[in-house]
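Morning, everyone. Two topics today: cysteines, then one aspartate. Have a look at the structure first.

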Amino acid sequence: MNPDVPAATSALEGSSTWLLVLLGSLTVTLLGVAHKLGLIYQLWHQVDTKSTRHGGETVAEVLKAHGVRFVFTLPGGHISPILVACEKLGIRVVDTRHEATTVFAADAVARLSGTVGVAVTTAGPGVTNTVTAMKNAQMAESPVLLIGGSTARLQKGRGALQDIDQLSLFKPLCKFCASVTSVREIAPALRKAIAIAQCDTPGPVFVEFPLDILYPYHLVEREIFKNFTSKSLLGKIVNWYLRSYIGNLFAGAWEMQDLSPLPVNLPKASRGQVQQCVELISRAKKPVIILGSQVTLPPTPVKILRDTLEELGIPCFLGGMARGMLGKNSPLHIRQNRRDALKEADVVILAGTVCDFRLSFGGILSKRSKIIAVNRNREQLLKNAHVFWKPTVAIQGDAACFLVSLCQALKGYSCPQDWITGLKEVDRIKEKANREKAEKPTEQHLNPLKLLHHLDSLLPEDSLLIADGGDFVASAAYIVKPRGPLTWLDPGAFGTLGVGGGFALGAKLCRPDSEVWIIYGDGSLGFSIMEFDTFVRHKTPVIALVGNDACWSQISREQVPLLGSNVACGLDYIDYHVVAKGLGGKGFLLNRENEDQTEELIRTAQSECRQGHPVLLNVLIGKTDFREGSISV
């Protein structure tokens, strides 16, 4: 045998193997390109090059199908098609003076309406300006949909205007983030995002829309090819690529799609867990319920929850959005001395309440108490558990549904009346002391406690209160009584300043017949005073009460005695009422010189508001020792 034959055969086999590997790699590459450009999809789905429809219309149609009534925005070219389409479909487009306000307003709508709140902002800085508001929505567990514009997909990473990696920025803040890659993906992406925002523990979601997804075919085509004239072989290849790219964007774009809402899943307590709690409470002599914001979430209407709590007859402490749940003067609502009451309680129900800083990380709870904790979120349910406190029963489920089930299973239970009477007596003594402090004159200007008592006495039953500030607002939380369920909005656990303008805007749109008050500190007012222009333009009259002490008092109170300096805490007694007038609203000054007209000025503000004017009451206030010892960290 020729000795060269085996060598030749081996070489041939090696060449064949190499050729197969090359062909395999080429095939994989071509399939990847085909998939990326949607070439196979385009074989079966039409590209209508003559259509003048655009992706913004699909966005608006999905929002309309989900019951969205308002879209909050600060306009930009990246998102114009969405705004125009929303207007045509009857969705009210409300433009603000800062992007953070758009999310705060959407947050308020979400909390008050039980549906998703929607903000639409332009690319880059338009989107980044919402970061704090989105984090606030995350910590407040509000289902907010932020729609962000972005640069065209072909231009990403190439130095286009306002091009940044927006998804990486929002992934830590949102339950879901997506960038839409073709017009046909708009509806599925939005339906998924809206459902996720409301499922389990609600929270914000972010969907990014590149420029070329939103505009009509002929405009996208014109922009892509406007500077392209090469007729070389390479030019022909690039031309084929671009044609395939734009074809993939619009293939199947206008085919019929399901736009209806996806089902929303909620965790619920099991019958066994409810029965376990029934046995604990039926033996309780001193039970207490602490309600957090989660109890106001759908599906349980707040009126049914209020009826449930009244039937249970167990004394309640209310926090966050739950403030006002039992009305102004309920015998079950305990407002003062929570720490002492919790030390005495033998059973404590944490209904959507978290053992974070607001409950001293759980340290406020007695080790002798039986603790029933109910929360949709497992991490929040067990926060600081087995470190500072220990749950007897921990239920991952909806707190309001749990309370309704508990009430149904506890028929015949009656909370000992002496326990309730004792707690209310402590309330009475504490509130009497607060009134006495309110009557003490301050060194200068008005006593803020007296001012707040005047406000409380004049609030109508349909009033809705927005809390935006530090020291003055914290005092108001003790003095001013919300009139009913869902009549109090505060930022939540993140403690964000600047929510006032956006919250009030969303609240007034949801409740146009309610008297909406923003209780501002003079520091926090600076974040959103420009929204008085928004209130005027969009005919959303609200009343702002500004406690103006020319200071970041909540910080100064600790900083000065601890560190001996008031640096960065001092402000001036600014004429904020004049600013409001300059923006088209009404403004009034209240100080020691016209203190005897306090109630008259409040009534005047209410009258002006009823006539359609946003109003700012600039009240110069003095210092009290009411919150001495409180801390801001």
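Start with disulfides. The count here is zero. Keep in mind that this is a predicted model.

Why no bonds? Let's go through two of the cysteines. Take Cys-199. The closest cysteine sulfur to the sulfur of Cys-199 sits in Cys-401, 14 Å away. A disulfide needs the two sulfurs within 2.5 Å, so 14 Å is too far for a bond.

Next, Cys-415. Here the closest cysteine sulfur belongs to Cys-316, at 9.6 Å. Again, that is too far for a bond.

Are these two buried or exposed? Cys-199 has 10% relative accessibility. Cys-415 has 6%. The cut-off for buried is under 20%, so Cys-199 counts as buried, and so does Cys-415.

Now the aspartate. Asp-107 lies in helix 5, which runs over residues 99–113. How accessible is Asp-107? Its relative accessible area is 0%, so Asp-107 is buried.

What does the side chain of Asp-107 pair with? One polar contact goes to the side chain of Arg-111, at 2.7 Å. Another goes to the side chain of Ser-142, at 2.6 Å.

Then the wider surroundings. Leaving out residues up to four places away in sequence, Asp-107 touches Asn-136, Ala-137, Ser-142, Val-144 and Phe-503. Ser-142 is on that list, and we have just met Ser-142 as a polar partner of Asp-107.

To recap. Zero disulfides by this rule. Asp-107 is buried at 0%, with side-chain polar contacts to Arg-111 and Ser-142.

Notes
Residues numbered from 1 in each chain as written. Predicted model: local features only at pLDDT ≥ 70, side-chain atom pairs only at ≥ 80, totals over all residues. Heavy atoms only, no water. Helix = DSSP H or I, 4+ residues; strand = E, 2+ residues; numbered from the N terminus. Buried < 20%, exposed > 50% of the residue type's maximum accessible area, 1.4 Å probe, protein only. Polar contact = N/O pair within 3.5 Å; in protein donor to acceptor, adjacent residues only side chain to side chain. Contact = heavy atoms within 4.5 Å.
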